[in-house]
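Colleague: Could you pick one part of this model and go over it closely with me? I'd like to hear how it sits among its surroundings.

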Amino acid sequence: HRDLHSFPTRRSSDLSGVVSTVTPNTAVKLWQDQRVALRWIVRKSLAVWIIVIGIVIWLIVSRSSSFLASSNISDVLSDTVVLGLVGVGETFVILSAGIDLSVGSMATLTCVLSAGLINGHASLVAPVILLMAVGGVVLGIAQGLLVAKAGIQPFIVTLTSYFILAGIAYAYTAIPIGSVPDGLSNAFFASLGPIPWFFLITLAVGVILSGLLSRTQIGRAHV
């Protein structure tokens, strides 16, 4: 058998008359470089961002008249705040070999309880928010103890919590009730141009926690 180096050189020229030489060794090197690039994209989790950017570009091209409107951009970014904060928290849970399935029903219960308890009274905003925060901490500690001390799988603990919290929310009310003061709702939708302030806060939280994962000993141990 002949070695790859003994194969004749293949030549191809483009319309401008430029001649390029492509050998089997060059083809193999190109293929290896493509594999390295693909592995780097997968390792850096860039595939998800490439898909998201592709979807955004498609939306811009197909609905350029409405998608780029400042009101629509503000709405889209506002809708990402809750999911973004939940995603940041879930990242740390998953990196520690756990899972939390209760976040959806916890968010639902928090919303209906907050609106029902505040019920338009500005004086109750701070106490209710503090109460919801304490409730979330207590629930998290309880789930953590069941996983760490009782040895129950996180999937079982958080799935059970999901149904319990969803049941409490449904028992409290089956329809939207209560209201929040205009000042609180206006604060949530306050923006810097079309970019909501809460989106910028969420972005800052993500950047800070990303730095903790990449630059601290505890973070690097789990990444």
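Modeller: A helix here is a DSSP run of H or I with at least four residues, a strand is a run of E with at least two, and both are numbered from the N terminus. Mind that this is a predicted model, where local features need pLDDT of at least 70 and side-chain atom pairs count only at pLDDT 80 or more, while totals for chains, interfaces and linings use all residues. Residue numbers start from 1 along each chain as its sequence is written, and side-chain values use heavy atoms, with hydrogens and water left out.

Let's take helix 5 and what surrounds it. Its 16 residues should span 22 Å at 1.5 Å a residue, and the end C-alpha atoms are indeed 22 Å apart (expected span: 1.5 Å times one less than the number of residues). Buried in helix 5 are Ser105, Met106, Leu109, Ser114, Ala115, Gly116 and Ile118; buried means under 20% relative accessible area, exposed over 50%, partly exposed in between, with a 1.4 Å probe and protein chains only. Helix 6 and helix 7 are among the elements that cover those residues.

Ser114 is a good one to zoom in on. It belongs to helix 5 and counts as buried because its relative accessibility is 16%. Skipping neighbours within four places in sequence, Ser114 is in contact with Asn119, Val128 and Met132 (contact: heavy atoms within 4.5 Å). Asn119 comes just after helix 5 and takes a positive phi of about 50°. Val128 and Met132, in turn, are buried in helix 6, as are Val125 and Gln143.

At the other end, the loop between helix 4 (70-95) and helix 5 holds Ser102. With a relative accessibility of 3%, Ser102 counts as buried. Beyond four places in sequence, Ser102 touches Gln143, Thr158, Ser161, Tyr162 and Leu165.

Tyr162 turns up again in a ring pair. Searching the whole structure gives one aromatic pair, made by Tyr162 and Phe163, and its geometry is edge-to-face, with 5.2 Å from centre to centre and 80° between the planes. For reference, rings of Phe, Tyr and Trp (its six-membered ring) pair if their centres lie within 6.5 Å, and planes under 30 degrees apart are stacked, over 60 edge-to-face, the rest tilted. Tyr162 is partly exposed at 31% relative accessibility, whereas Phe163 is exposed at 54%.

Now the partner, helix 6. Residues 125-148 make up helix 6, 24 residues in total, and from first C-alpha to last it reaches 34 Å, close to the 34 Å expected. Its buried residues pack against helix 5 (103-118), helix 7 (154-172) and helix 8 (182-188).

The loop leading from helix 5 to helix 6 contains Ser123. Ser123 counts as exposed because its relative accessible area is 62%. Although 58 residues separate Ser123 from Pro181 in sequence, their C-alpha atoms are 9.5 Å apart.

Further along helix 6 you meet Val147, partly exposed with a relative accessible area of 30%. Apart from neighbours within four places, Val147 is in contact with Ile152, Pro154 and Val157. Val157 is 10 residues away from Val147 in sequence, and the C-alpha to C-alpha distance is 7.3 Å.
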